[in-house]
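Reader: Before I rely on the descriptive terms attached to this structure, I would like to see how each of them is justified.

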Amino acid sequence: MKVVYHSNSMKKCRFIHFFKDFSNHHQLISSFSTHTIKNPDFDDNLDNISSNSNSLYNCDEYHDIIYHNKMIMKHIGVDDIESAVKVFNKMRVKTLFTWNSMLAGFLKRRGMLRDARQLFDKIPEPDVFTYNTMLSCYLRNSDVDGAKLLFEQMPIKDIASWNTMVTGFAENGLMDDAQRLFSAMPVRNGVSWNAMISGYVECGDLGMAVRLFRLDPFKSVVARTALITGYMKAGNVEVAERMFEDVPAKNVVS
């Protein structure tokens with residue numbers, strides 16, 4: 001009895017030590033979710049809205065747009081959506097960047113799906129980023145049917161559109177839908193595989209997650225971390241430890 005007790009105690013201590021080590025590492029790895037979509041037109045300085053901004057607007061309008069866009073982004077950055085809306089409503093002239101920024105603000109907070117849709121319907125010339133952000137709004141608020149309908153209606157889709165849907169299905173526990181869409185994707189990248197592997201881990205299907213990981217041509221840190229989490233939840237600490245030691249970027253971020 002003493003030997004068994006000692007063995008279990010050592011295993012428990014080993015697990016606790018590994019869990020702490022893994023947790024510190026895991027905190028530094030970004031989420032696989034594509035719900036936060038980077039605007040491809042975003043300029044950190046906001047001094048150039050587009051290559052031809054000066055030709056589209058007079059000097060006063062141009063500086064007014066830059067100033068108010070900065071204010072909107074500042075308010076959204078601290079989750080002050082109400083102040084961002086006030087600034088947005090006061091603007092005499094809005095660019096697509098302005099509309100997309102405000103839409104992304106509604107995405108940031110749950111429960112603002114109606115506001116997001118009302119804004120989306122007013123955007124004069126939405127681009128693929130606009131559609132992807134609206135997709136994310138539906139999925140973030142668990143309106144999967146709304147997301148499906150919008151996805152079908154999109155005039156153009158990029159890989160972020162597909163990834164947003166696959167990730168949204170996975171995060172809502174709809175792995176059959178996620179798998180069907182994943183199989184239909186014209187092109188897949190690391191985000192696509194991360195979404196599927198992480199989704200299966202969250203649903204408790206570690207076996208399917210492992211099978212997909214073996215097929216994954218990217219085998220990213222995110223996918224490896226998802227499997228480590230799955231093995232730990234299943235109590236298979238030894239395999240989790242081996243995977244942790246094999247993570248390529250571990251020495252860089254831990």
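Author: What follows takes the terms one at a time and sets each value beside its cut-off.

Reader: How confident is the model overall, and what is the pLDDT over residues 27-55?

Author: The model is predicted, with an average pLDDT of 84 for the protein and 75% of the residues scoring at least 70. Over residues 1-5 the pLDDT is below 50, and this stretch makes 0 contacts beyond near neighbours in sequence. Residues 27-55 also have a pLDDT below 50, although 58 contacts beyond near neighbours in sequence are found for that stretch in the model.

Reader: What makes α5 mostly covered?

Author: A residue is called buried when its relative accessible area is under 20%, and 10 of the 13 residues of α5 meet that description. These are F97, T98, W99, N100, S101, M102, L103, G105, F106 and L107, and they pack against α3 (59-77), α4 (81-90), α6 (113-120) and α7 (128-140). The helix itself, residues 96-108, reaches 18 Å from its first C-alpha to its last, close to the 18 Å expected at 1.5 Å a residue.

Reader: Why is α11 called roughly parallel to α13?

Author: Helix α11 (residues 190-202) and helix α13 (residues 221-233) pack at an angle of about 10°, with their axes 9 Å apart. Angles under 35 degrees count as roughly parallel, and therefore α11 is described as roughly parallel to α13.

Reader: Which residues make that contact, and how do they divide?

Author: From α11 come N194, I197, S198, V201 and E202, while α13 contributes V222, A223, A226, L227, G230 and K233; together they divide into 6 nonpolar, 3 polar and 2 charged residues.

Technical notes
Residues numbered from 1 in each chain as written. Predicted model: local features only at pLDDT ≥ 70, side-chain atom pairs only at ≥ 80, totals over all residues. Heavy atoms only, no water. pLDDT = per-residue confidence, 0-100. Contact = heavy atoms within 4.5 Å. Helix = DSSP H or I, 4+ residues; strand = E, 2+ residues; numbered from the N terminus. Expected span 1.5 Å × (residues − 1). Buried < 20%, exposed > 50% of the residue type's maximum accessible area, 1.4 Å probe, protein only. Axes fitted to C-alpha atoms, helices over the stretch in contact; angles between N-to-C directions. Parallel < 35°, antiparallel > 145°, perpendicular 65-115°, else oblique. Nonpolar A, V, L, I, M, F, W, Y, C, P; charged D, E, K, R; others polar.
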